[in-house]
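Work through the exercises below with the sequence and the model side by side. Try each task before reading its solution.

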Amino acid sequence: MSQKVAIIGAGLTGLTTAFYLRKQGVEVTVFEKADRVGGVIETCRTDGFTYENGPSTGVLGTPEAAELIEELSDLCRLEIADEDAKYRWIWKDGRWVALPSGLLGGITTPLFSFSDKLRLLGEPFRKPGTNPNESLADLVRRRMGKSFLKYAVDPFILGIYSGDPEKLVTKFALPKLYNLEQKYGSFIGGSIKKAKEPKSERDKKATREVFSLEGGLSNLIDALVQKIGSERLILNAADIKVSAEESGYSLSYNQNETVHFDCVVSTVGAWALPEMFPFLATDKLTSITKLPYAKVVQVSVGFRKWEGRELKAFGGLVPFCENRRVLGALFLSSFLKDRAPNGGALISTFLGGVRKPEMVKLSDEDIKSIVAEELTEMLGLTKWNPDLMVVNRYQHAIPQYGAESEQKMKAVAEIEANYPGLLLAGNLRDGIGMADRIKQGRELAELLIK
Ligand SMILES: Cc1cc2nc3c(=O)[nH]c(=O)nc-3n(C[C@H](O)[C@H](O)[C@H](O)COP(=O)(O)OP(=O)(O)OC[C@H]3O[C@@H](n4cnc5c(N)ncnc54)[C@H](O)[C@@H]3O)c2cc1C
C-alpha cells in the first residue's frame, strides 16, 4: 500500500493502528495534541513506587492484546497478576465481603437475598429478552433479581465503567453478556456450554487474566513508539482540522501546516469530532457527540510500611447503595511486582463516576481528605500516614454506551460509507478496555491495508 495515512491521537488505539500499518510498510503520521504519547496511560516512578495515572491493569480479553505484547517482546514484557487478583471484595453494611466465585459461595454469601438465590435456580429456564436496547439493570432484574443488581452488577459496573447499570445498554456495553442470553438463552447455562466449546489456539490466548506490563503500562507505549519510529509522531499538534478533497483529505494543524493524506483515522473522543471535521453534517455528528462520558477522579496512594488489614485481593468495590464517597480501590502491590517498597502498599482509588460527577470539581485537598477518611476506615488503618498521594482528574474518563448507541453506530457507518478512507474510531465504539482498544487498532490497520 503506497498510501499515506494520518492517525489522530497517540493513545493505545492510535499507536496500535500505527504499529500494524508500519509492519506492512504503510506511511503513517500520528498527530497528538498533547506533549506526550500514551493518552490516558502514564506510568510514574518515584521513591520506590511505580504507579499509574489512568488505567493500572487490563483483562487479557482478546487474542489481539496477547499477540501485540508478544510481538513487542523484544522491548517489553507482559506481567500477569498473582493469584490474589482472583479475589474481589464488595462493601456491604460496614465491612468487606468476598465476591463468591463458585456455587457454594453463591449460596452462602450474605451479599444476595435468600429469595434471589432461590430465583437464580430458575435463571436457565427464563425466556431471553426481546428488546435489543434493554438496559443492563432491567436485564439483571429480569434474569437474576434486585440483590444481584445491587451487590454484584452495580459494583462491577462501577469498577469497569464508573457507570450506572440503569443507563448502559447491555448489547453495546457488555456485548458478551448480551450474546450469552441471545445465543444460549441463559447466563448460567450459556457460560457452562461456552466453557465446553472447543477453542482455537488463537482464542485460548484471550485468557481473561488480569495483566499489566513489567515495570508499568508505559513500557507498552514506549515499545510501540520505538517500533513506529518517533519521527512519525507529531506532538503538540493543536487545532487539527480535516477537510475532504476530491481524492483524500487535507489535514491542517498548528494553524499553518497542511498535509495531504489518502486516509484519516480518528481515535479521539466523541466530543472532539465537530471541531476536527467541520465538513461532516452536524446532524450526523450529533448522534455521535451525544455519547456521555463518566468523570472520574483517580488517586494513587502509597505507603512505605503498610499497617492496615491484609490486602489479599484485586481490590474492593463499593455498591452505590452503600452511599460511600469512593467507588472502590485496587490493591495493586498485592498482585503486581515491585509497585511499592517491600512491606509497603500501593493502592489506586476512584471517586466520581456518572452518579457523582461533581467530585471532579473538588480541590486536591478535599479529595485527599475524603480518601484519607474513607480508606482509614475501610482498610483498617489506625493512622493515616501515606508516603505518596497523587490526584488525577479525567473529565472524559470512560464512555457510557447507553440509549444513543444504536443511532451512534448508524451515524458512524454512514459517515464512513460516504467518505471512503475516513475512519471514526477510538473508544467511542467497540469497547472501553485496553484489550478492546488493541483489537480495534489492529482491525483498523487490517481494514486500511485491505
Ligand atoms: C481513570 C481511568 C481508568 C481506567 N482503567 C482501566 C482499566 O482498569 N482497565 C482497562 O482495560 N481500561 C481502563 N481504562 C480505559 C483505557 O485506559 C482506555 O480505553 C484506553 O487507554 C484508551 O485509549 P485510546 O487510545 O482509545 O484513547 P486515549 O488514551 O484517550 O487517547 C486519545 C488520544 O487522543 C488525543 N487527542 C484528543 N483530542 C485530540 C485532538 N483534538 N487532536 C489531537 N489529539 C487529540 C489525546 O490527547 C490522547 O492522547 C481506564 C481509563 C481511565 C481514564
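**Exercise 1.** In which sense do strand S17 and S18 pair, and over how many bridges?

Solution. Strands here are DSSP runs of E with at least two residues, helices are runs of H or I with at least four, and both are numbered from the N terminus. Two strands pair if DSSP finds at least two bridges between them. Strand S17 (residues 328–330) pairs with S18 in the antiparallel sense, over three bridges. To locate the pairing, find Ala 329, which stands opposite Thr 349 in S18.

Before going on, note that this is a predicted model: local features need pLDDT of at least 70, side-chain atom pairs count only at pLDDT 80 or more, and totals for chains, interfaces and linings use all residues. Residues are numbered from 1 along each chain as its sequence is written, and side-chain values use heavy atoms, with hydrogens and water left out.

**Exercise 2.** Describe the pairing of S18 with strand S15, and state how many residues of S18 are buried.

Solution. Strand S15 (residues 293–303) and S18 form an antiparallel pair with eight bridges. Val 296 stands opposite Gly 352 in S18. Next, apply the cut-offs: buried means under 20% relative accessible area, exposed over 50%, and partly exposed in between (1.4 Å probe, protein chains only). In strand S18 (residues 345–352), seven of the eight residues are buried.

**Exercise 3.** Is Gly 380 buried, partly exposed or exposed?

Solution. First find Gly 380 in the loop between helix H13 (364–378) and S19. Its relative accessibility is 41%, so Gly 380 counts as partly exposed. As a further check on position, the C-alpha atom of Gly 380 is 9.1 Å from that of Glu 310, although the two residues are 70 apart along the chain.

**Exercise 4.** Which backbone atoms make polar contacts with the ligand, and why does the ligand lie between two domains?

Solution. A polar contact is a pair of N or O atoms within 3.5 Å; within protein, one must be able to donate a hydrogen and the other to accept it, and residues adjacent in sequence count only if both atoms are side-chain atoms.

- A polar backbone atom of Ile 432 is 2.5 Å from an oxygen atom of the ligand.
- For Met 434, a polar backbone atom is 2.8 Å from a ligand oxygen atom.
- A backbone N or O atom of Lys 33 lies 3.2 Å from a ligand nitrogen atom.

Finally, domain 1 (4–39 + 63–72 + 217–291 + 403–449) and domain 3 (292–399), with bounds from an automatic or database domain assignment, both give residues to the shell, so the ligand lies between them.
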